[in-house]
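Please open the model in your viewer and keep the sequence panel beside it, since each stop on this tour begins with a selection.

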Amino acid sequence: MKKKNILGAQKLVYLVVALFALGSCKKNSSGSGLSENAGGIPPFAEKYVQMDQMARPAINTVFVGSSRKDEFNTTVPSAMSAAFLSDFIHKLEGFGYTSNILGLNKDQFAGVLVTDVLNVSTTGFTSFYDGTHVLTGRALNDDVIDAELTLIFGGPTGTSNPGLTSDHVNGNDKPFLTSFPYEAEPH
């Protein structure tokens, strides 16, 4: 029964995230007429206003303080490091972070995390993190939260702090589809 509740909660989380993602952009009513990509302005700024950044789930939630959420969510990725790197470093220090399984010290790892983009490998294997492939994209079956927890709390071997390296949600209750839209129908 507990597993069914966890999986039901996971579906609810997916639904909420999907709805949030759909609602994360809204029409730009400012009439600014922006049409160029000067100063890092996204090309879609004429029609839409960025409302949220969530390429790497939970990173923004954990590393950016509530007083700066709106600022982070509307900062273009190329400006994130300058604006937020010290916040990310201080948060890692607060966690007692020294290094991770990738061999990254806190400054290096904060530099990876602070730019909230989802990388995509167009020529190789796509994975959020599978032990070999790191942030080359994200497959539907990637356990993103466990990967992030392991990289943050797992230490140099990935096995430190075992109580902090997994959310214990290890799969879907239904298999993914083999064709678009790939996600299983909800119950």
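Begin by selecting E93 and K106 and showing their side chains, which meet in a salt bridge with 3.7 Å from N to O; a salt bridge here is a side-chain nitrogen of Lys or Arg within 4 Å of a carboxyl oxygen of Asp or Glu. E93 lies in helix 4 and K106 in helix 5 (residues 106-114), so the pair ties together parts that are 13 residues apart in sequence. Helices (H or I, at least four residues) and strands (E, at least two) are DSSP runs, numbered from the N terminus. Both ends of this bridge are partly exposed: E93 has a relative accessible area of 39%, and K106 has 25%. For these classes, buried means under 20% relative accessible area, exposed over 50%, and partly exposed in between, with a 1.4 Å probe and protein chains only.

Before moving on, a word about what is on the screen: this is a predicted model, in which local features need pLDDT of at least 70 and side-chain atom pairs count only at pLDDT 80 or more, while totals for chains, interfaces and linings use all residues. Residues are numbered from 1 along each chain as its sequence is written, and side-chain values use heavy atoms, with hydrogens and water left out.

**The two helices behind the first bridge**

Now display helix 4 and helix 5 as cartoons. Two packed helices are described by the angle between their axes and the distance between the axes. For helix 4 and helix 5 the angle is about 130° and the axes are 8 Å apart, where axes are lines fitted to C-alpha atoms, for helices over the stretch in contact, and angles run from 0 to 180 degrees between N-to-C directions. Helix 4 and helix 5 are therefore oblique to each other; angles under 35 degrees count as roughly parallel, over 145 as roughly antiparallel, 65 to 115 as roughly perpendicular, and the rest as oblique.

Zoom out to place this pair in the whole protein, which has six helices and two strands, running α-β-β-α-α-α-α-α from the N terminus on. Of its 187 residues, 29% count as buried.

**A network around R68**

The structure holds three salt bridges, and the next selection is R68, E71 and D87, which are joined into one network by salt bridges that share partners. In the bridge of E71 with R68, the closest N and O atoms are 2.9 Å apart, whereas the side chains of R68 and D87 meet at 2.4 Å, N to O. The pair of R68 and D87 links distant parts of the chain, 19 residues apart, with R68 in the loop between helix 2 (59-63) and helix 3 (69-73) and D87 in helix 4 (residues 77-94). Colouring by accessibility shows R68 as partly exposed at 22%, D87 as partly exposed at 23%, and E71 as partly exposed at 36%.

**Two residues in loops**

Select Q53 in the loop between strand 2 (48-50) and helix 2. Is Q53 buried or exposed? Q53 is buried, with a relative accessible area of 7%. Add T75 to the selection: Q53 and T75 are 22 residues apart in sequence, but their C-alpha atoms are 8.7 Å apart in space.

Move to D142, in the loop between helix 5 and helix 6, which counts as buried at 18% relative accessibility. Its C-alpha lies 7.5 Å from that of Y129, a residue 13 positions away in sequence.

**Backbone stops**

Most residues other than glycine have a negative phi, and most peptide bonds are trans. L135, although not a glycine, has a positive phi of about 50°; L135 is found in the loop between helix 5 and helix 6 and counts as buried at 16% relative accessibility. H168 also has a positive phi, near 65°, but H168 is exposed, with a relative accessible area of 54%, and is found in the segment after helix 6. In that segment, where P181 has its place, inspect the peptide bond from F180 to P181, which is cis with omega near 15°.

**Last stop: a surface patch**

Finally, select L140, F176, F180 and Y182 and show their surface: they form a nonpolar patch with about 430 Å² of accessible area together. Patches are made of residues with over 30% relative accessible area and no salt bridge, with like charges joined within 9 Å and nonpolar side chains (Val, Leu, Ile, Met, Phe, Trp, Tyr) within 5 Å, and accessible areas come from the Shrake-Rupley method with a 1.4 Å probe, only the protein chains shown counting as cover for residues. Y182, in the segment after helix 6 (144-153), counts as partly exposed at 39% relative accessibility.
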